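Thanks, everyone. I have one structure today and two places in it to go through. Here it is.

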Amino acid sequence: RHSRYNLVDAAAVGRGLAKLHVALADYPDDGGMMRRTAEVAAGLRETAVTVMRTPASVPSHYRDFVLAAAERYESAFGRSADWQCTHGDVTPGNVLLDEGGEVWFTDFEDAAFSWRSPLIDLGNAVLRFALANGRDRQARTAALLSAYLATGGRRWQPVELRGALRNLVDRNWLVLASLSLAGHPAAAAEWGKFAAIDRGLDAAIGEVTTLL
């Protein structure tokens, strides 16, 4: 099943993600993943440049969000010394849970080009399993982070997690923009979801970083 967005599931996601990062730390195909990661990053940088030149290429309701993201986005976010194989797309659609508390990560096609800091996966988990749903937001974030640390996940500095959350939201705006540029615009609900996240992001970041 998918997450029910409660404290138990948030903790399960944190535990599962820590185990996954430990398991992937020694994944051998680093050269191939580095190349594919660079290709994806180059594509997003190109999207950022295109959006800055032709802002009318994205829906007018969200143009300010996308333009701000294009200016801020760091495709090589984080310290390269921390980089390893990561899942790359820890979102509710790609995480399944069973009633025994185990977590199953799907859609590992993204892991084939995800050679980045594990902080990106952790930030995405916080963003999508805690902050994107308003009920018990801070408590679920605390449960996820506590379980991640208790299961062997690395302790990151608050400034690093703040930066990761902002960078992830900016990346998502550019992914949506790239779909529009390719003639495959995302549904209005998808744009609206990230607009809601972005509007509340500064307050949410303040809540999250007090937990570290």
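Asp 107 is in the loop between β3 (103-105) and β4 (115-116). Keep in mind that this is a predicted model. Is Asp 107 buried, exposed or partly exposed? Its relative accessibility is 29%, so Asp 107 counts as partly exposed, given that the partly exposed class runs between 20% and 50%.

Which residues does Asp 107 touch, leaving out those up to four places away in sequence? They are His 87, Asp 89 and Asn 94. With Asn 94 there is also a polar contact, side chain to side chain, at 3.3 Å. Leu 131, on the other hand, is 24 residues from Asp 107 along the chain, and their C-alpha atoms are separated by 22 Å.

Now the aromatic residues. A pair of rings is described by the distance of the centres and the angle of the planes. With centres within 6.5 Å as the criterion, the count comes to four aromatic pairs. Take Tyr 62 and Trp 191: the ring centres are 5.5 Å apart and the planes are at 15 degrees, so this pair is stacked, the cut-off being under 30 degrees.

Where do the two residues lie? Tyr 62 is in the loop between α2 (30-53) and α3 (63-72), while Trp 191 belongs to helix α7 (residues 188-199), so the pair ties together parts that are 129 residues apart in sequence. Both Tyr 62 and Trp 191 are buried. Ring pairs link these two with Phe 65 and Trp 173 into a cluster.

One last item, on a charge and a ring: the charged end of Arg 154 sits over the ring of Trp 156, at 4.1 Å from the ring centre.

Notes: Residues are numbered from 1 along each chain as its sequence is written. This is a predicted model: local features need pLDDT of at least 70, side-chain atom pairs count only at pLDDT 80 or more; totals for chains, interfaces and linings use all residues. Side-chain values use heavy atoms; hydrogens and water are left out. Rings of Phe, Tyr and Trp (its six-membered ring) pair if their centres lie within 6.5 Å; planes under 30 degrees apart count as stacked, over 60 as edge-to-face and the rest as tilted. Helices (H or I, at least four residues) and strands (E, at least two) are DSSP runs, numbered from the N terminus. Buried means under 20% relative accessible area, exposed over 50%, partly exposed in between (1.4 Å probe, protein chains only). A charge sits over a ring if NZ of Lys or CZ of Arg is within 6 Å of the ring centre and within 35 degrees of the ring normal. Contact means heavy atoms within 4.5 Å. A polar contact is a pair of N or O atoms within 3.5 Å; within protein, one must be able to donate a hydrogen and the other to accept it, and residues adjacent in sequence count only if both atoms are side-chain atoms.
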